[in-house]
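Colleague: Before I use this model at the bench, I want to know what the words attached to it rest on. Please take them one at a time.

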Amino acid sequence: MNREKRPLTALILAGGAARGAYEAGVVPYILEDVARELGRDPPIDIFCGTSVGAVNACILASLAHEPARARAQRLVETWTKLRFSDVVRVNIREALGPVRGFFGLRRGQADATAHPGGLIDPAGLERIIRGSISFAAIRENLAKGRFQGLSLSTTHVATGRTIVFVEAAEGRAPKWGSDSTIVSRPVRIRAKHVLASAAVPALFPPVDIGGDWFCDGGLRQNVPLSPARRMGADRLLVVIPRNIAPVKPPAAQRPNLFLMLGKALNAMLLDRLDNDIDRLARINSILDAGARRFGPDFAEQLNEELGYPKGGGLRPLDVVSVRASQNIGRLAGDFVRSQTFQSRAPGWLGRILRRLAQAGADRESDLISYLLFDGDFARQLIELGRLDARAKHDQLCAFFVPG
């Protein structure tokens, strides 16, 4: 079907640091199993990612020229070949900074500028980005119309604004009009933009781009629905590496630094999606009711009255989300307590994580789950992602049927 005549589909990948391996289970299920059911490759026209979702989005955009099965395999391979001790290394200079400050010791100039603001050395994350993403292929695939747009959400440290770096086909760049909290910047996506989007505060240092500092876009826009909608997407496929368990009274426990940091990362990176999807559902219901009451051109007339340009404004959006059915924090705690992790992370950092997991054996290990960039743990999350996608098989197939 002609791209101009069919609905545009956006794949939206949320943040979550090492939890991003879950997305490498959901997306391959779509590219393999759903494709087999449809008898064709499911079309993905727009890629939107935040934090580790930006990494996965760029990998997929760079592989848009490959058959669906090859894209799936490459994404899985990127995650399963990781080894914790190669990726997660403490930035000693930054970790010692507060101690030096307490004792009144001055940093040398090299210390002060090396990796400001992050406890984890970003070199391991940068190797993943540079080793798995061809930025030249992204530009070629976009130029040849294999996809229509790619957006990476970041946070501008100085102002707190969401800066969305965008590489898109002509006419697809998103605009936010009067919303001063979000700014779109057309760029040629490079490694520094991906690294900035993935720079989780406190864990990874912010990234200098053109003299400004940027960090994880999840502070304000962890699930980038808005860029997809403003690039013209009609259908949103959202993947979220977070389980929402039934609310029940928490067990009495004394909070500690690591527990609080894990909960803070949850709130900062993963907790706002449901409100966004509920808002889209309400808009859809209003537009559907208006069309039934006043005719099929209700949305067009409403947008004209509201002052939107022709083709812009409110419109119905089909949204399907796949989210983790299990508590990834608990899975992380179990993995870190296993003999497998002990053999793969024999150093002092691995011992610290094991102590944390053992001390909180009956708690969620949220902080640990953000740090577990390890192939064996990734396999567990990939399998979970595939199972959760399989549970929505019929819905996913219907989602990709031309409408």
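Modeller: Start with burial: buried means under 20% relative accessible area, exposed means over 50%, and partly exposed lies in between, with a 1.4 Å probe and protein chains only. Leucine 396 has a relative accessible area of 0%, so it is called buried. The model is predicted: local features need pLDDT of at least 70, side-chain atom pairs count only at pLDDT 80 or more, and totals for chains, interfaces and linings use all residues. Residues are numbered from 1 along each chain as its sequence is written, and side-chain values use heavy atoms, leaving out hydrogens and water.

Colleague: Where does leucine 396 lie, and what does leucine 396 touch?

Modeller: Leucine 396 is in helix H20, residues 393-399; helices here are DSSP runs of H or I with at least four residues, strands are runs of E with at least two, and both are numbered from the N terminus. Contact means heavy atoms within 4.5 Å. Not counting residues up to four places away in sequence, leucine 396 touches Ile30, Val34, Leu237, Val320, Val322 and Ala389. Valine 34 is 362 residues from leucine 396 in sequence, yet their C-alpha atoms are 7.2 Å apart.

Colleague: Why is leucine 356 called partly exposed?

Modeller: Leucine 356, in helix H17 (residues 348-359), has 24% relative accessibility, which falls between the two cut-offs, so partly exposed is the word.

Colleague: How do you know that glycine 149 is buried?

Modeller: Its relative accessible area is 0%, which is under the cut-off, so glycine 149 counts as buried. Glycine 149 belongs to strand S3, residues 149-156. Its contacts, not counting residues up to four places away in sequence, include Asp45, Phe47, Leu142 and Met231. Methionine 231 is 82 residues away along the chain, with 7.2 Å between the C-alpha atoms.

Colleague: What puts the buried residues of H7 on the same side?

Modeller: In helix H7 (residues 123-132), the buried residues are Gly124, Leu125, Ile128, Ile129 and Ser132. They cover an arc of only 140° around the axis, so they are on the same side of H7; the arc is that of the directions from the helix axis to the C-beta atoms. Exposed Arg130 and Gly131 are on the face turned away from the buried side. The cover over the buried residues of H7 includes helices H2 (52-62), H3 (68-80) and H8 (135-143).

Colleague: What makes H2 oblique to H8?

Modeller: H2 and H8 pack at an angle of about 60°, with axes 8 Å apart. Axes are lines fitted to C-alpha atoms, for helices over the stretch in contact, and angles run from 0 to 180 degrees between N-to-C directions. Under 35 degrees is roughly parallel, over 145 roughly antiparallel, 65 to 115 roughly perpendicular and the rest oblique. The angle is in none of the named ranges, so H2 is oblique to H8. Cys58, Ala61 and Ser62 of H2 meet Ala137, Ile138 and Asn141 of H8.

Colleague: What is notable about phi of alanine 17?

Modeller: Phi of alanine 17 is near 55°, a positive value in a residue other than glycine. Most residues other than glycine have a negative phi. Alanine 17 lies in the loop between strand S1 (9-13) and helix H1 (23-38), and at 3% relative accessibility it counts as buried. Serine 51 also has a positive phi, near 60°.
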